[in-house]
Amino acid sequence: MSSLVRLQPVAAPPPSLSDNTADLDRLLRALRHDLAAEGDRLLSVPHRRMTRVAERFRACGFGGVAVLNEDQGRLEPVDLLPAIPPRLPAMALDLGTTHLEAVLLDLLSGQELARATRVNSQISHGDDILTRIHYATGGRGREGCLEVLQQAVLGDTNALARELAAVAGCAATDIRALSLAGNSAMAHLFLGLNPYHLCREPYIPLVNSPGPVAAAELGLKLHAAAPVHVLPGVGAYFGGDLLAGIVASDLDLAEKPEMLIDVGTNAEVVVGCRDWLVACAGAAGPALEGGVAKMGMRAGPGVIERVDIDPASGRLTFRVIGAPALGAVAAPKARGICGSGMIDLLAALFQAEMIDIRGKLRPEKLGDRLLAGSDGPAFIVARAEEAVDGQPVTVSQIDLDALMRSKAAMYAILGTLMEQVGLPFAALERIHVAGAFGRHIDPRRAVIMGMIPDLPLSTYRPLGNSSLAGARRYLLEGEARRRIGEVARKITYIELNVNHEFMIRFSGSRFIPHTDRALFPSVPYQLTENR
């Protein structure tokens, strides 16, 4: 490992009348000697740490263990310890629009000490990024709103730090560093930077690579010498979370073309290999996360993640997250349905001929699972006795229409990107699917509904939280830090909002599985006909 914060034993001769070298100069001289093999990588001791480091150096008899923070490849002495501690905690954070997820790591061993998640408190000022940007920039005629949003997310970070530290048996003030990955808007709000131009043509961030900042300067209750590293982004729609995902998946090291799909508020997609990388983003995320359906929600305990319908009998079974098996009697009751459950449901309804190729419910096929609601027909997924508080989990035609648009947008995004790089889907060695969406999705069901390309299922690899995984590697690996900077410099971003080819592909994708059946040879032909 080459951690973001390092320990270096050091020993220097004490001052004398014949050697009146200043205390900190004496420390730096000794460190340069010990680190000579690494070249001249030492910065001066930061002003805010000078008194502390000098006092500790003298107290340790002009020896001990120097704590070195890495700053863009160079090393900055920030503390002096009497001996090597048993562990050196640091925190990696996925700065999500809806949720924050963090891990506490030991920089000496790489061991994970604790993990926690928390709802982003900024939601009370706006569910989506655009609303928060308008709020932060005075869109509602208020002053100080940017600071309100910043303090909300800093408070969440402090709360996570306390929770992680408590689990690990230490104090939050023992945490020596923080690396975080988020989209460009979240990075701006975290740092208190004006996001005004992010959502206004030509969509320019205030900064892409902000560099490290002292935790104390932000008001974070970590160690006084802890640096905060916000992973760099590329532009308004391409933040550090996606760069973190590229490195976490090793897409930038692949010999043959691969793809990374990260579905969140938007669907962000990267294709490429070690020689080239091309990316784009589009609005396909909310419905695929279960965030558009009335009873849709993010994956979590008690949420339906799997649905199956027997085409012959019409019998429906489902599984909620936390259940031991599909349709198990002991399964907890359902409280909603997530994106993977919605995808399963759409594919199952289609295979059971309960919807047509447009995704429209066929009332004559639904039997007692048909519910006539104020918003039109709906399908009962979990009956009242199978659901929390006796409230059935239903999916309306409006919900299905939203999902159909999202699945069309997803396939259109993927197809347009591959068209831009001049490659067929079959040229992809692997497709990494990130986030909770990737963790819970059934690729076969997604192929049946025409959301992802019809490739061997072994092509698809669930990646988990790639943003957090990249932030974690940033803490532990100097090579990962170098690669993230390199990817930021070489990646090419394609704007889909003005892409005519995307709109054509979107229109063709609004059927199950697609208007061009040749694109989905593994989906039985009879499934595209209503018998």
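A cavity, on a 1 Å grid over the protein atoms alone, is a set of points where a 1.4 Å probe fits but cannot get out. Grid points are joined across faces, edges and corners, and a volume is the space filled by probe spheres set on the points.

This is a predicted model, in which local features need pLDDT of at least 70 and side-chain atom pairs count only at pLDDT 80 or more, while totals for chains, interfaces and linings use all residues. Residues are numbered from 1 along each chain as its sequence is written, and side-chain values use heavy atoms, with hydrogens and water left out.

**Stop 1: the cavity**

A search of the whole structure finds one cavity of 30 Å³ or more. The largest cavity holds about 100 Å³ of space. Select Ser184, Ala187, His188, Val207 and Asn208, which are the closest to its centre among the 16 lining residues (those with an atom within 4 Å of a point). The lining divides into eight nonpolar, eight polar and no charged residues. Here Ala, Val, Leu, Ile, Met, Phe, Trp, Tyr, Cys and Pro count as nonpolar, Asp, Glu, Lys and Arg as charged, and the others, Gly among them, as polar. Helix H5 (residues 184–191) gives the most to this lining, with four residues. Helices (H or I, at least four residues) and strands (E, at least two) are DSSP runs, numbered from the N terminus.

**Stop 2: a cis bond after H5**

Go next to the loop between H5 and strand S8 (213–214), where proline 202 has its place. The peptide bond from glutamate 201 to proline 202 is cis, with omega near 10°.

**Stop 3: the six-stranded sheet**

S8 leads to an open sheet of six strands in the order S6-S5-S4-S7-S9-S8, with mixed pairing. Two strands pair if DSSP finds at least two bridges between them. The edge strands, each pairing on one side only, are strand S6 (112–119) and S8. Strand S4 (residues 89–95) and strand S5 (residues 99–106) run antiparallel and are joined by seven bridges. Select alanine 90 to see it opposite leucine 105 in S5. Now add helix H14 (residues 466–476), which packs on the sheet and touches S4, S5, S6, strand S7 (178–182) and strand S9 (227–230). The direction of H14 makes about 150° with that of S4. Contact means heavy atoms within 4.5 Å.

**Stop 4: two packed helices**

Select helix H3 (residues 129–136) and helix H4 (residues 145–168), whose axes lie 7 Å apart at an angle of about 130°. Axes are lines fitted to C-alpha atoms, for helices over the stretch in contact, and angles run from 0 to 180 degrees between N-to-C directions. H3 and H4 are therefore oblique to each other; angles under 35 degrees count as roughly parallel, over 145 as roughly antiparallel, 65 to 115 as roughly perpendicular and the rest as oblique. Show Arg132, Tyr135 and Ala136 in H3, which meet Cys145, Leu146, Val148 and Leu149 in H4. The residues of this contact divide into six nonpolar, no polar and one charged.

**Stop 5: the three-stranded sheet**

Another open sheet has three strands in the order S16-S17-S18, paired antiparallel. Its edge strands are strand S16 (370–373) and strand S18 (393–396). Strand S17 (residues 376–382) pairs with S18 over four bridges. Helix H11 (residues 397–421) lies across S17 and S18, at about 65° to S18.

**Stop 6: a last cis bond**

Finish at proline 513, in the segment after helix H16 (500–508). A cis peptide bond joins isoleucine 512 to proline 513, with omega about -10°.

Notes. 1 Å grid on protein atoms, 1.4 Å probe; cavity = no way out; pocket = protein on both sides within 12 Å on 5 of 7 lines; lining within 4 Å.
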